[in-house]
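User: I should like to learn how to read a strand within a sheet. Could you guide me through an example?

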Amino acid sequence: MDRQTFRKTVSEYILDAVPKSLIYNLDYFAIRMKKGEYWIDLSLENFYRGYCRQRAPVRPRYIAKVLAPFIKDLRRERGISHLDVKENLHRLYPLLVGPQDAKGIVTDPLIGELSMAYVLDEGMRIFFLDQQTVKQLGFSMEKIYRIALRNFFRDLVKPLQVFDESRKIYGFNYGDTYDSSRLLALLLTPAKQGLSPKQRVLTMVPNRDVVMLFSPADQAVLRQAFMIGHSSFINNPYPISGSVYELHNGIIKEYQGL
């Protein structure tokens, strides 16, 4: 199934499940679902990739599973509230985002274009905490940070992957939404990720689904890694940063060597 047929299939499923809803096609391979005064935008990129990875017999069930929370919200004509967050604090996680995604939500600045947002994970979608939700929760940002970080280290830490062994390019690309957040493991527990205290490495977080690690020693590798990272930044629906950062003993700073 090609992308446009997939968009049509998803739209038809939603209209069948919620007959009084409306569907609008958006740029960047996305749709807007609307019922009454309530609307939700859904990017189809990762949804489509996940669909293509499924075996043919289970693809209809996959569509139903992904769309279930959206259909629930359309039917009740409201999204997630602070009560939903309060009842599911064990599913609250940090998510590194760039300037594009940081608008209108609660974030803690990390460095440069990197900010840490907080999301409630519903399995097949995430809800970003905004100022109103945090105010209604009555929690301090420090408490939200502690809860999200505890959940992150319990559920989401994964080992570094080898991207290019000959050029010693490593990183995270598990495709589960939280790859950018795994930079936090490199910062807060570098030894557990195999980084020695004296080791200096460069990193890029071009989008939500990629973290790259490489050495500053080889200029040819550095240039190639930068080109790959920059391409991943400009050609992704969830861009974060096209910059290069230096990691050393749990400290991150902007790299000035390019």
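**Reading a strand in its sheet**

Analyst: This model is predicted. Let us begin with the two faces of S11: Val210, Met212 and Phe214 are buried on one side, and Val211 and Leu213 are buried on the other, so that both faces are covered.

User: How many of the residues of strand S11 are buried, and what follows for the strand?

Analyst: Buried means under 20% relative accessible area. Five of the five residues of S11 (residues 210-214) meet this description, so the strand is largely enclosed by the rest of the structure.

User: How should I understand the pairing of strands?

Analyst: In general, strands of a sheet pair through backbone hydrogen bonds, either parallel or antiparallel. Here, strand S9 (residues 169-172) pairs with S11 in the antiparallel sense over three bridges, and Tyr170 is found opposite Leu213 of S11. Strand S10 (residues 200-207) also pairs with S11 in the antiparallel sense, over four bridges, with Leu202 opposite Phe214. S10 and S11 make a hairpin, with two residues between them.

User: In what order do the six strands form the open sheet?

Analyst: The order is S8-S9-S11-S10-S12-S13, with antiparallel pairing. Strand S8 (161-164) and strand S13 (251-254) are the edge strands, each pairing on one side only. On average, neighbouring strands of this sheet are turned by 35 degrees against each other, direction ignored. At the S8 edge, S8 and S9 pair over three bridges, and Val162 has Tyr170 in S9 as its bridge partner.

User: Which strands does helix H9 lie across?

Analyst: Helix H9 (residues 219-234) lies across S9, S10 and S11, and runs at about 20 degrees to S10.

Methods. Residues are numbered from 1 along each chain as its sequence is written. This is a predicted model: local features need pLDDT of at least 70, side-chain atom pairs count only at pLDDT 80 or more; totals for chains, interfaces and linings use all residues. Side-chain values use heavy atoms; hydrogens and water are left out. Buried means under 20% relative accessible area, exposed over 50%, partly exposed in between (1.4 Å probe, protein chains only). Two strands pair if DSSP finds at least two bridges between them. Axes are lines fitted to C-alpha atoms, for helices over the stretch in contact, and angles run from 0 to 180 degrees between N-to-C directions. Contact means heavy atoms within 4.5 Å.
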